[in-house]
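The following exchange examines how terms are applied to a structure. Each answer sets a value beside its definition.

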Amino acid sequence: MNGVDAFDASSILVRLDAATHAAFASIEVVDAIDSTNSELLRRRTPDSGLVALFADRQHGGRGRQGRPWASPPGANLYFSVARRFTGELARLGGLSLVAGIATAEAMRAIGAGGVGVKWPNDLVVDDAGTLRKLGGILIEGGLQDGGVRAVIGIGLNVRMPAEAASAIDQPWTDLQAQIAGGAPTRDVVAAALLVSLAEALARFDAEGLAPFLPRFEALDVLRDAQVDAQVADRTVTGVAAGIADDGALRLRTDAGLLPLHAGEVRVRRRGVPQSGASRA
Ligand code: BTN
């Protein structure tokens, strides 16, 4: 038992269907590590099958843009999944959307019906116009042994301890607040995530981004909202108009439709979507 709920590999494994179980080369839970992403990047990713590594706490958890990811023990989920992909390195761009979609869908499936995705892959809940962050995704990887491999790191607030909550500098939420009756134990949440990720990653490898475009539309919290996009050293303002076939966010500006690519921009929602706004 680690912390407030039982959390070990066997309690996750028993909750997986046979197909998901077979998709994983290994599923491991450790008490403490610097960062699950860093650890899977240090290891060789197997030629086939997924690898999952969960940690009860991280002492060097990393977020995007070089920020730390606070990872207190006994409460939240911190894990990474590694996998090889066919094709070119550029494919990893679309992967960030796919990971966000799979994670949000898994959260909805366990009862957190308000979870959406802030492009490209922040897990958020719209609380009367304020986007509260439920979790974040950090995708790393590159070439290994001549092939493309990715490490998908996910941090998800399950039951945020009060001491850790006081240090968070942005609106946040956790599953405890989002699910009627409270959050399930972490093994239940972890199993739901692995089922969803295994399906999504296999489909992305075989079929690309196309099957995910309608799935994203159902989760898109920026749709029709006024947003500020930080592109290099300038701010571009426009209305978010969904995503393009390659996963770029489409921003409707005075100068026309501008495609924004993940990794190059930071997007902030300004106004909530207009009711009855055109989706054309
Ligand atoms: C973000 O900035 O929104 C991304 C946060 C990603 C955090 C997760 S926790 C598990 C994995 N290990 C890390 O060090 N980071 C990711």
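The questions below concern the two domains and the ligand site.

This is a predicted model, in which local features need pLDDT of at least 70 and side-chain atom pairs count only at pLDDT 80 or more, while totals for chains, interfaces and linings use all residues. Residues are numbered from 1 along each chain as its sequence is written, and side-chain values use heavy atoms, with hydrogens and water left out.

Q: What makes 9–217 and 226–269 domain 1 and domain 2 of the protein chain?
A: These bounds are given by the domain assignment, which is automatic or taken from a database.

Q: How many residues of each domain take part in the contact?
A: With contact defined as heavy atoms within 4.5 Å, domain 1 contributes 14 residues and domain 2 also contributes 14.

Q: Why is the pair Asp126 and Arg269 called a salt bridge?
A: The term requires a side-chain nitrogen of Lys or Arg within 4 Å of a carboxyl oxygen of Asp or Glu. The closest N and O atoms of Asp126 and Arg269 are 3.3 Å apart, so the pair qualifies. Between domain 1 and domain 2 the count is one salt bridge.

Q: What makes Ser35 one of the residues that surround the ligand?
A: A residue is near a molecule if one of its heavy atoms lies within 4 Å of it. A polar side-chain atom of Ser35 is 2.8 Å from a ligand oxygen atom, so Ser35 meets this cut-off. In total, 19 residues surround the ligand.

Conventions: Polar contact = N/O pair within 3.5 Å; in protein donor to acceptor, adjacent residues only side chain to side chain.
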